[in-house]
Amino acid sequence: MRIGVLTGGGDCPGLNAVIRAVVRKGAGVYGHEFVGFRDGWRGPLEGDTMTLDVQAVRGILPRGGTILGSSRTNPIKIEGGVERIKENLETHGVDALIAIGGEDTLGVAKQLFDRGVKVVGVPKTIDNDLNATDYTFGFDTAVNIAMEAIDRLHTTAESHHRALICEVMGRHAGWIALHAGMAAGANVILIPEKPFDIDKVCEYVESRFKTRYSPIIVVAEGAHPIEGQMAVQTGDLDAFGHVRLGGVGERLAQEIERRTGKEARTTVLGHIQRGGTPTAYDRVLATRFGLAAITAVHDGDYGKMVGLQGTEIVRVGLDAATAELKTVPPHRYEEAEVFFG
Ligand code: F6P
């Protein structure tokens, strides 16, 4: 068989480990050939390919990013996009596709599968918000990067008696904020799933200042206040209709300073959370996903996504995987709240 591989959406550490595992097992064990499509769905849409053989994947296991490139191109929004993809797959002799991506990339994979494309999905996102898998690779790396940053913020906050705010990624789900905040002992964690009360946040800040320590607030970029408390964010939309986020940490700092009279400063971790080398956990998970994905293709089991359930890799329908996002449930937030203030 000749199998196409693409990586779409925001990159994350571990993408190269998936690509390597797919090619090593696919070529070495099954004798399949591969073609790399560049920059997510733009590759098959425009017929932009690159060589993807065992030689091309040597040495990439620890490398962040993706050798295939990525984009947020949405072929469903482009007139004739699906037909162009089907034509290009045929032109390049591609029998099946492995699409590595998050909700958007896999949503497109699902629609292409419904229109006859043989596709298997691999879940990726630092946000960990994909349904039907307990974890996505990239998440553990992002959490560790954020944890280390928050550890560092603690010591400088105490030296200067400041409230320090750390804004982390997490558009719809607060998994990174929750895990990094818990791991690093944040005094307040704010997530998109639960609109925050700025009065309560300021209470926590003031009570923390009464100890000899300074407050550390971890806020997910998608977190927002209860209605009417602070100005909400606006921004440009991407091809999947998502607002470009960022700025809630700064707004929070202004509001905390205004209300408490204490100096408050913000650090935005941004893309630092997505860059660099994956943790051991993410390398192993990504490798196992890659091995399972190529086996699903070899078995002809299309329209599926590989996922982690407990410690086992399973196959689930792309529809189940993309039907809804996996957000932080209230009881998980309540666990973190025990340490607030
Ligand atoms: O979906 C992953 C993610 O990192 C989100 O947490 C974040 O909102 C978004 O991507 C940022 O995307 P971009 O890199 O396009 O700004």
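These questions and answers cover the ligand site and the nonpolar cores of a predicted model. Local features need pLDDT of at least 70, side-chain atom pairs count only at pLDDT 80 or more, and totals for chains, interfaces and linings use all residues. Residues are numbered from 1 along each chain as its sequence is written, and side-chain values use heavy atoms, without hydrogens and water.

Student: Which residue has a polar side-chain atom 2.4 Å from an oxygen atom of the ligand?
Tutor: A polar contact is a pair of N or O atoms within 3.5 Å. Arginine 72 places a polar side-chain atom 2.8 Å from a ligand oxygen. Histidine 271 has a side-chain N or O atom 2.8 Å from a ligand oxygen. The 2.4 Å distance belongs to glutamate 221.

Student: How many residues does the second, separate core have?
Tutor: A nonpolar core joins buried (under 20% relative accessible area, 1.4 Å probe, protein chains only) Ala, Val, Leu, Ile, Met, Phe, Trp, Tyr and Cys residues through side-chain atoms within 4.5 Å. The largest has 84 residues, with Phe137, Leu190 and Leu252 making the most contacts inside it. The second includes Phe37, Ala109, Val316 and Ala321, and its residue count is 23.

Terms used: Buried means under 20% relative accessible area, exposed over 50%, partly exposed in between (1.4 Å probe, protein chains only). A polar contact is a pair of N or O atoms within 3.5 Å; within protein, one must be able to donate a hydrogen and the other to accept it, and residues adjacent in sequence count only if both atoms are side-chain atoms.
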